[in-house]
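Visitor: Please take one part of this model and go through it closely. I would like the geometry first, then how other parts compare in kind.

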Amino acid sequence: MEHSPLDFVAQSCMDLTEALSSANNEAERDTLINNHIKKVWPCVAPVEDFKKNVSGLEWINVSEPIILSQHCLNKVVVLDFWTYCCINCYHVLPDLAHLEKLYTVENGLVVIGVHSAKFLNEKDYSKVAAAVQRYNIQHPVVNDAESSVWEALGIKCWPTILILGLGCKPLFVFTGEGHKDELVMFVDATLKHFSSRISNAALPIAISNQTKSKEDDVLSFPSKLALNTFYKGRSEEPFLAIADTGHHRVLLTDCSGIVLRIIGGPKPGFKDGKFAEAQFNTPQGLCWLSSTVLAVCDTNNHALRAIHLDDGTVELLAGTGQQSAHGDLGGKCLGMQPLSSPWDVVLYSTPDLDMSVRPLLPPPRPPGQPADADRNDKSNKPEATDKEKKDEKRRVLVIACAGSHQIWALFLDTTIWWKYKTYTEGTCACIAGSGAEAARNSAYPNTAAFAQPGGLTIRNGSNPEMFIADSESSSIRRLALNTGQVSTLCGGDRNPLNLFAFGDVDEIGVDAKFQHPLAVAYCETSKVLYVADTYNHKIKKVDIGLQKVTSLNPTKIETTEPAQFNEPSGISISPDGKYLYVADTNNHSVRIVNLVKNVCQDLKVRLAEPKFTEPENLILYKSDLFVNRKCGSLIIYFNVSLDVDIKNVKFTPGAPQNWQICVRDSNNKDVTLDDFDFVGCSNKGSKLPGRVDMKLKQRTDKTHYRLYLSFHTSLCDASVCFSHTFTIRSTILVRDSVKMIESYKITCKVNPVNRDSRTDKTAS
């Protein structure tokens, strides 16, 4: 059997854990941990340095590579072996952040993430750097792309946490998540044990920002989106909901991409209330429950939230804000039931699955009323037919809980479910998945297993079913909604324990291969399932009957070049089946794929331009200005003089006489610098008289612009100095027949004596 350099440490830690379970008090516990350190530290070899010349070792969040023997010899070091696809690794990050708040580098603690990829896509440095920013990791991370450090230490699984004492000798090792308390306890004990030799020297830590700036972009790592299935085209009615995950908020846009509502952000939190004060933490899946209610997977808060558009509030649907315990199968009501990293959500409407166990009993008789009255009352009321009773729909919110590898449901109505089990209104419970991470199929939903389900969609009809993007098994699973049977549609492997059967192969059934797919969308119109094959940076379609997988490979709408996605993780199909909306996560954008023409374009998600209000003290220039549409030039000379009747008012000597030119198009958009070059000058200045030479940047089809020439003058009279502001407005007509260089002179006389009211002015 192959031995690991950490076998002795691991066995000693197991012995320590067993001994600690019998400790009676804190002093006894501290003695056990100190004895463990004294036993292990002299017997183990130091961890080898991160070799500079090893292929694939690239650093993030540092200004220079970390050398253990140089930077960390007299520090306590926590090595976190992780991969960014792994939900268990994801759950460890808050524990490490908590540890870093308790003990800084200056206190002697260094946390280093060693990223050891599972998927091929995760070896790419740029993808790891994007994940570090998306997860807000503040400590140094080394990209161990070829797993050289992983193999040298004999690491076996994700996540693995290794605590090094002084001299970089391994003292403690943990595997899996859920070790927050032990992590804090052992680090604290190690720092105290070596306190006299701990160094307080700083490290070359520099937070990286290789991806697009959050401050400048409307979207940051958008993960999921949902077209409004209740959309009627009314004014101010949302067309699309976007989980703007990196900004911890939800955006609602119109069909052109203009943002209508912003809910939450920009900082993470967990707070209900009005839109302006509500907070989310890494929101993911979205689902419209009605035209005014949107369900949101608040992933890092382990909760399901509801956005109410009618009263502008956010409320909790399910979850407590804390991750559910392993093995929790639910059954509690609404906000009393914990969840584990809900990743996607979908609304399913169904009649009771067996009406025979729901007898419709008559209401009890009022006191004193004879039995005959019941019969007389019934004869006067029409009874519901058997068909009406059977077709009455119950609303069920189905949730992909990636953290527990299960499918859960929140029953919005009292519902008879599989195996004649009744769930009362508000109950939240697991409906499929044992909690083991695997790709096990079964006719019995609670013995089936999933591997980090990340996307859901429903196919309605006489035999409704749900398709599941089972990301860690790289497969698309199906859940029969009449019976609960779980099977595989395509991808993955026949061995349910093989979670490494990934690739990029268009084939049939299990011979097709995906790489960590995170979203699915079924089109009722075309009967086609679409898949966001996230780590292959592709959109694929699946013929359900044939189980045949085909890549779409759309081209850009403006060229014939192929569209390039970057880890797309959310998709939503239009009702007519013609357009697929894609959350292109690492490109910080939303794309629209025209499925008929197989072309792709950006949806320009943008904030609404502030409504333009014309300035006060406006002077209308008597004549229009002209510019040639073929990159013509427009030269304007301008000056301001004071009315001759105002003898005591003068321009303040030495003070700036500020002016600025603004040009707006027919949509009131400021296009001053977008459409015009200012040759040898700027569009603003501080001296009079002034001159500007404006030139159209390119040929335009626009017919006119509005020019605003604004002045902010500094004046004085005999007793006081004051400012005076006014604006001259003119129209620039764009024509073919005018000269390539047109020049104009604008002069203006002002009478600013009555400074508290509108001033008499003229411009010529």
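Guide: In the hairpin of strand 29 and strand 30, 4 residues lie between the strands. One residue there has a notable backbone angle: Gln547 takes a positive phi near 60°. The model is predicted. Strand 29 covers residues 538-543, and 4 bridges join strand 29 to strand 30. The two strands run antiparallel. Asp543 stands opposite Lys548 in strand 30.

Now follow the side chains of strand 30, residues 548-551. In a regular strand the side chains alternate between the two faces of the sheet. Strand 30 shows this alternation. Val549 and Ser551 point to one face and are buried. Lys548 and Thr550 point to the other face and are not buried. Lys548 thus appears twice: opposite Asp543, and on the face that is not buried.

Strand pairing also appears elsewhere. An open sheet holds 5 strands in the order 7-8-9-10-36, with mixed pairing. Its edge strands are strand 7 (225-227) and strand 36 (606-607), and each pairs on one side only. Strand 36 pairs with strand 10 (residues 258-264) in the parallel sense, over 2 bridges. Val259 stands opposite Leu607 in strand 36.

Next, the rings. A pair of aromatic rings is described by the distance of the centres and the angle of the planes. A search of the whole structure finds 24 aromatic pairs. One of them is Tyr90 with Trp343, an edge-to-face pair at 6.0 Å centre to centre, with 70° between the planes. Tyr90 lies in helix 4 (residues 87-102) and Trp343 in strand 17 (residues 342-350), so the pair ties together parts that are 253 residues apart in sequence. Tyr90 is buried, at 11% relative accessible area. Trp343 is buried too, at 12%.

Phe411 and Tyr423 form a stacked pair: 4.3 Å centre to centre, 5° between the planes. Phe411 belongs to strand 19 (residues 406-411) and Tyr423 to strand 21 (residues 422-423), so this contact ties together parts that are 12 residues apart in sequence. Phe411 is buried at 0% relative accessibility. Tyr423 is buried at 10%. Both rings belong to a cluster linked by ring pairs, with Tyr348, Trp417 and Trp418 as further members.

Tyr423 has a charged neighbour as well. Lys421 lies over the face of Tyr423, at 5.2 Å from the ring centre. Likewise, Lys118 lies over the face of Phe500, at 5.1 Å from the ring centre.

Last, the cysteines. A disulfide is a covalent bond between the sulfur atoms of two cysteines. The structure holds 1 disulfide. Cys716 is joined to Cys721, S to S 2.1 Å. The torsion about the S-S bond of Cys716 and Cys721 is about 90°, so the disulfide is right-handed. Its two ends differ in exposure: Cys716 counts as buried at 14% relative accessibility, whereas Cys721 counts as exposed at 52%.

Other cysteines stay unpaired by distance. For Cys72, the closest cysteine sulfur is in Cys168, 6.0 Å away and too far for a bond. Cys72 is buried at 0% relative accessibility. For Cys490, the closest cysteine sulfur is in Cys523, 17 Å away, again too far for a bond. Cys490 is buried, with a relative accessible area of 0%.

Technical notes. Residues are numbered from 1 along each chain as its sequence is written. This is a predicted model: local features need pLDDT of at least 70, side-chain atom pairs count only at pLDDT 80 or more; totals for chains, interfaces and linings use all residues. Side-chain values use heavy atoms; hydrogens and water are left out. Rings of Phe, Tyr and Trp (its six-membered ring) pair if their centres lie within 6.5 Å; planes under 30 degrees apart count as stacked, over 60 as edge-to-face and the rest as tilted. Buried means under 20% relative accessible area, exposed over 50%, partly exposed in between (1.4 Å probe, protein chains only). A charge sits over a ring if NZ of Lys or CZ of Arg is within 6 Å of the ring centre and within 35 degrees of the ring normal. Two strands pair if DSSP finds at least two bridges between them. A disulfide is a pair of cysteine sulfur atoms within 2.5 Å.
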